[in-house]
Amino acid sequence: MLGAGLQSTLLGVRATIEEFPTTVTGIIMSCYYVGYLIGTRLAPQLLRRVGPVRVFATLAALASVAVLVHASWVHPGPWAVMRFTSGVCFAGIYVVAESWLNHRATSSNRGRLLAIYMLVLYVGLGSAQFLLVLSSPQSTELFMLVSALISAAMVPIVASAEEVAEAPVPQRVRFRELYRDSPTGVVGVAVSGLISSIIFSMGPVYARLSGFGTRGVAEFMAVSIFAAVLTQYPVGRLSDRVDRRTVIATMCLLGTLVAAVIEVFGPLPRPVFLLLTALFSGAALTLYSLSVSHVNDKLAPSQMVAASSALLLINGTAAAFGPALTGGLMSAFGARAYFGTLGTFTAALALYDLWRKARQQPVPQSEKGPFINTRELITSAGLDPVPMAGVEELELPVPRRTVKDAGAAPSSP
């Protein structure tokens, strides 16, 4: 995560220094998510053919090479291809790591493992932002550091003598029926994909175009990431007690208000701006977990894994459009379009959520499952074996689960 976090921010900063058109930078960043979608489908097949250790080592090596190509061939074309390659590689790396964890986890320690795993992910990704100040983004040193970090990740995997279970074929799901069963959850998953991809990919570009130096970009991105760590648990606990749609609408309205304040009153003093940035990210980056939890409230435990695979696909597909769209808008209207775009998405989801809330009764408290705390576009591949379900097509809508069923829910989508 140190390598992945530094790479994303470094590319955004370097692209602005090289004066890539903002639209082009957005397209380059979107290529990562296109590759990610392909990687999540390709990785299970590779796992079955050659095993997790070889898959991890191969993909980490390719990801390391891709970073060095970025440094040696600074041009939008090669960068787009290498960004796509990075997406494929990181998707496979995450699938290997998470399926390995899932295989080793038991019902008694799965929650603790997930909590530790998420902590490692967030701390690694957030801490990586401060590595940006070690050298100039115009030099090759930071690119070499990213390559070294990714390569170092191979050491504990290759040195391990353990193996993981073979992964079965992914289970299919009917998207139309999934939407019919939980429209707010499905739309929320899609919108959260747009928002989070914009934050992680175009955030460094926005900070740079706003006049931030290298340290300022690192602070901006670190605040955005660490804020999400602080809000996930309390917001999730709140959603367990009240209608999740109310919490989703509240987070969206808060994000919209903050984005509007930044748009109307900017530029603001740095401490005030960073505080508002933390409030926006802390609210917006909870939307995926809230939305998935809302969908799972309508499902029986036996159907959650298959449904989660579809939700991840929806989320990743939407994410592929976020950076390109925002890049085009920033090119046309300037850096201020960053928060303008984010605020528009949160406002649209709030309106849709409130409309659905007026048309449909909430899930009864006795039928709600526990909040599912996920980290969305940090990996977009949950700890549960998302690509490792059965073979029959999921038929939805399904019976609401009972109180007894709720206790057997997996801990991650």
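This is a short walk through one protein chain, from its overall make-up to a few individual residues.

Please keep in mind that the model is predicted. I'll start with the whole chain. The protein chain has 16 helices and 0 strands. Its length is 413 residues, and 57% of them count as buried. As for the outside, the chain exposes about 16500 Å², with carbon and sulfur atoms supplying 66% of that area.

Next, the contacts along the chain. If we take contacts in the protein chain with a separation of 6 or more, 89% of them come from residues 24 or more positions apart.

Now the interior. Which residues touch the most other members of the largest nonpolar core? They are Y206, F220, Y338 and F339, and that core has 90 residues. Let me take Y338 from that group. Leaving aside residues up to four places away in sequence, Y338 touches I198, I199, M202, G203, Y206, F220, T326 and M330. So two of the names you just heard, Y206 and F220, come back as partners of Y338, by the 4.5 Å cut-off for a contact. Apart from the largest core lies another one, of 10 residues, including Y288, V292, L311 and L312.

On to L313. This residue is found in helix α14, which covers residues 301-333. Is L313 buried or partly exposed? L313 is partly exposed, because its relative accessible area is 26%, and buried would mean under 20%. Not counting residues up to four places away in sequence, L313 touches L37, R41 and F175. L37 deserves a second look: L313 and L37 are 276 residues apart along the chain, yet their C-alpha atoms are separated by 7.1 Å.

That brings us to the early part of the sequence. Helix α2 runs over residues 22-50, and I38 is found in it. At 41% relative accessibility, I38 counts as partly exposed. On the surface, I38 forms a nonpolar patch with V34 and L42, and together the three have about 210 Å² of accessible area.

Last, the cysteines. How many disulfides does the structure hold? The number is 0. As a reminder, a disulfide is a covalent bond between the sulfur atoms of two cysteines. Two cysteines to mention are C31 and C252. C31 counts as buried because its relative accessibility is 17%, and the limit for buried is under 20%. C252 also counts as buried, at 0% relative accessibility.

That's the tour; I'm happy to go back to any residue on the screen.

Note on methods. Residues are numbered from 1 along each chain as its sequence is written. This is a predicted model: local features need pLDDT of at least 70, side-chain atom pairs count only at pLDDT 80 or more; totals for chains, interfaces and linings use all residues. Side-chain values use heavy atoms; hydrogens and water are left out. A disulfide is a pair of cysteine sulfur atoms within 2.5 Å. Buried means under 20% relative accessible area, exposed over 50%, partly exposed in between (1.4 Å probe, protein chains only). Helices (H or I, at least four residues) and strands (E, at least two) are DSSP runs, numbered from the N terminus. Accessible areas come from the Shrake-Rupley method with a 1.4 Å probe; for residues, only the protein chains shown count as cover. Patches are made of residues with over 30% relative accessible area and no salt bridge: like charges are joined within 9 Å, nonpolar side chains (Val, Leu, Ile, Met, Phe, Trp, Tyr) within 5 Å. A salt bridge is a side-chain nitrogen of Lys or Arg within 4 Å of a carboxyl oxygen of Asp or Glu. A nonpolar core is a set of buried Ala, Val, Leu, Ile, Met, Phe, Trp, Tyr and Cys residues joined through side-chain atoms within 4.5 Å.
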